[in-house]
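Please open the model in your viewer and keep the selection panel at hand. The stops below go from the pair of protein chains to the DNA.

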There are 2 protein chains.
Amino acid sequence: MQPLYEKVKKKITASLVQGEWSPGEAIPSETELANVYEVSQGTVRKAIDELSAESILIRRQGKGTYVATHNEENIQLRFLRLTSNFGLKEKLDNQLVSFSKEKATNKLSKVLNINPASTIISLKRVLTFNEKPLILDVIKIPAQSFRGLTAEMIVEKKGSMYRMYETDFGVRMLRADEKIRAINANFESASLLNVKENTPLLSVERISYTYENKPLEWRLGLCITDNHYYRSELD
Amino acid sequence: MQPLYEKVKKKITASLVQGEWSPGEAIPSETELANVYEVSQGTVRKAIDELSAESILIRRQGKGTYVATHNEENIQLRFLRLTSNFGLKEKLDNQLVSFSKEKATNKLSKVLNINPASTIISLKRVLTFNEKPLILDVIKIPAQSFRGLTAEMIVEKKGSMYRMYETDFGVRMLRADEKIRAINANFESASLLNVKENTPLLSVERISYTYENKPLEWRLGLCITDNHYYRSELD
DNA sequence: TCTTATATATCTTATATAAGAGTTATTAAT
DNA sequence: ATTAATAACTCTTATATAAGATATATAAGA
C-alpha cells in the first residue's frame with residue numbers, strides 16, 4: 001500500500017505538470033490543499049516537504065509555498081556549478097555560434113527517449129566572462145517540445161536556456177545528471193574558445209529532466225578551468 | 001528561540017562526537033531517546049530525519065537507526081564519484097608511492113585550520129583498476145589527529161582511507177567539498193599514471209570534514225577519464 | 001517444520017499550538 | 001484633518017505531541 005502523503009505528492013505534481021500553477025506563483029495553502037485532498041494539513045505538509053527538498057517547490061514561512069523557477073534573480077543559472085577561483089558570482093555573456101535542425105542520431109534518440117530520426121534542434125554557443133570565452137555549449141533538444149524556437153530568441157534572451165524553456169515553452173527542468181571528464185581541445189573547440197589546441201578542458205555532459213524524469217535536453221559543455229572550477233559537495 | 005528538535009539534534013550529535021555510539025551500531029530507539037530527552041517521539045524523529053538526510057545516521061524500518069559508516073560493503077568508497085563508462089562497480093587496488101611527515105605550508109595550515117608549520121602526514125598513492133593506473137592521490141592530514149599512522153597500515157588496509165580513519169583513529173568523515181578542474185599531466189603524474197605527458201587529467205581537490213564542519217583532510221586526486229567519468233547530480 | 005503470537009522498531013497520520021508576515025483598524029500626536 | 005505609530009486580526013508555514021499502522025525478528029506452539 002502506498003502511503004497517503006505519496007498520493008498527495010503525486011496529485012500536487014500532476015497539478016504542476018498540468019500547469020495549474022505557474023512557476024514563481026504561490027500554490028494554495030497547506031490547509032486549502034488538505035481540504036481539497038481530504039487529508040490533514042500535516043500530510044500535505046509531508047508531501048510538500050519532499051517536493052521542497054527536491055527544489056520543485058519553495059516554502060516561505062508566513063507567506064506561502066511557491067513553484068520553483070529558473071527565473072528568479074538569486075537562483076539564476078541554477079544548474080551552473082562553475083565558480084571563479086576568486087569566489088565571485090559573475091555575469092556571463094552569451095554568443096550563438098550555430099543553430100540548426102537535424103535528424104536525431106540513434107544514440108541521441110535513445111538518450112532523449114524519442115522516435116529514431118525525429119527532428120531535433122541543435123545549437124552551439126559560447127559563454128564569455130569579461131569578454132573572454134569560458135564555456136562552449138552544444139545543446140540538443142527535441143524539436144517537438146520546442147516548436148517555434150528560433151536563433152533570434154536565443155540571442156535575444158541573454159539569460160539561461162532554462163529560463164527561456166520555462167517562459168516560452170512551459171518546460172520546467174527539475175534535475176540533471178552530469179558526466180564529467182577531462183579532454184583536450186580539438187581544432188573547433190580551441191578556435192571557438194580562443195585557446196591553443198590540446199588545452200585541457202573540462203567536459204560536462206548533461207542530460208536534463210522535466211517532470212516524471214522525462215529527459216528533454218542533452219548538452220555538452222566544454223569549460224576552460226584556468227580561473228574557474230566546478231564545485232561539488234559530497235555527503 | 002531555538003526549536004526543540006534542533007536541540008535534540010545537537011544532543012544526538014554530541015553523543016556521536018563523544019563516541020557514545022560507534023559507527024555501524026544502532027542508536028537507542030526513538031522512544032528511548034524521547035524519554036531521555038523528555039520530548040515526544042515525533043520530535044526525536046524530526047531530529048533523526050535531518051541527521052539521516054545528512055547521511056550521518058541511517059534508518060532501517062522495523063530494525064532501528066544506525067550510525068553511518070565508511071565500513072559497509074555497499075557504501076564503501078562513499079565519496080568516490082568515479083564510474084566506469086560501462087557502469088560497472090569495480091574494485092580498485094591501492095599502491096603507496098610515498099609517505100612522509102612534513103611541516104604544513106601556510107596555505108595548508110589555513111585550509112585545515114591548524115597551527116602554522118605544525119606537522120602533517122603527506123602521502124601519495126596510485127589507485128589501479130585492472131592493473132592499470134586510474135587515480136593518483138596526494139593526501140595531507142594533520143599528524144596530531146592521526147598519531148601512530150604508518151605507511152604499513154595504509155598498505156595493509158587496501159580499502160578506503162576513510163575506513164581506516166574510522167576504525168583506527170575514531171575519525172568519521174561526514175562530508176566533503178570538491179573543486180574540479182581539467183589539467184595536463186606533468187612529468188611526475190604522467191610517469192606514475194603511466195600516460196604520456198600532457199594527457200588531460202581530471203583534477204579533484206577535496207577537503208573533507210568531520211563533525212561540526214572541522215576540516216581534517218586535504219586531498220588532490222588526478223584521474224584518467226578515458227574510460228571513466230565523474231558523475232554529478234543536480235537539482 | 002510450519003504457523004502463530006509477541007515484542008519492538010520505525011513509519012504514517014492526525015490534531016493542536018506556535019511563530020512569521022502582511023493587512024487593516026485604531027489611536028495619539030501634530 | 002492628517003499623519004504616524006501601534007495594536008488587532010488573519011493569513012501563512014513551523015513545531016510538538018500522540019496514536020495507530022507497518023515492518024522485522026524471535027519465541028512459542030501445533
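Which rotation, and what shift along its axis, superposes chain A on chain B? The rotation is 180° with 0.0 Å of shift along the axis, at an RMSD of 0.1 Å, where the fit is by least squares on the C-alpha atoms of residues with pLDDT of at least 70 in both copies. The two copies are thus related as by a two-fold rotation axis.

This is a predicted model, in which local features need pLDDT of at least 70, side-chain atom pairs count only at pLDDT 80 or more, and totals for chains, interfaces and linings use all residues. Residues are numbered from 1 along each chain as its sequence is written, chains are lettered from A and ligands numbered from 1 in the order in which they are written, and side-chain values use heavy atoms, with hydrogens and water left out.

Select next the interface residues of chain A: 100% of them are also interface residues in chain B, so the copies meet through the same surface, contact meaning heavy atoms within 4.5 Å.

Now select DNA strand D and the 23 residues that surround it, each having a heavy atom within 4 Å of the strand. The closest are Glu30(A), Arg45(A), Arg59(A), Leu4(B) and Thr43(B). Sugar and phosphate make up 83% of the atoms of DNA strand D that come within 4 Å of the protein.

Finally, display the phosphate oxygens of DNA strand D: one is 2.5 Å from a backbone N or O atom of Leu4(B), while side-chain N or O atoms of Thr65(A) and Glu32(A) lie 3.2 Å and 3.4 Å from a phosphate oxygen.

Technical notes. A polar contact is a pair of N or O atoms within 3.5 Å; within protein, one must be able to donate a hydrogen and the other to accept it, and residues adjacent in sequence count only if both atoms are side-chain atoms.
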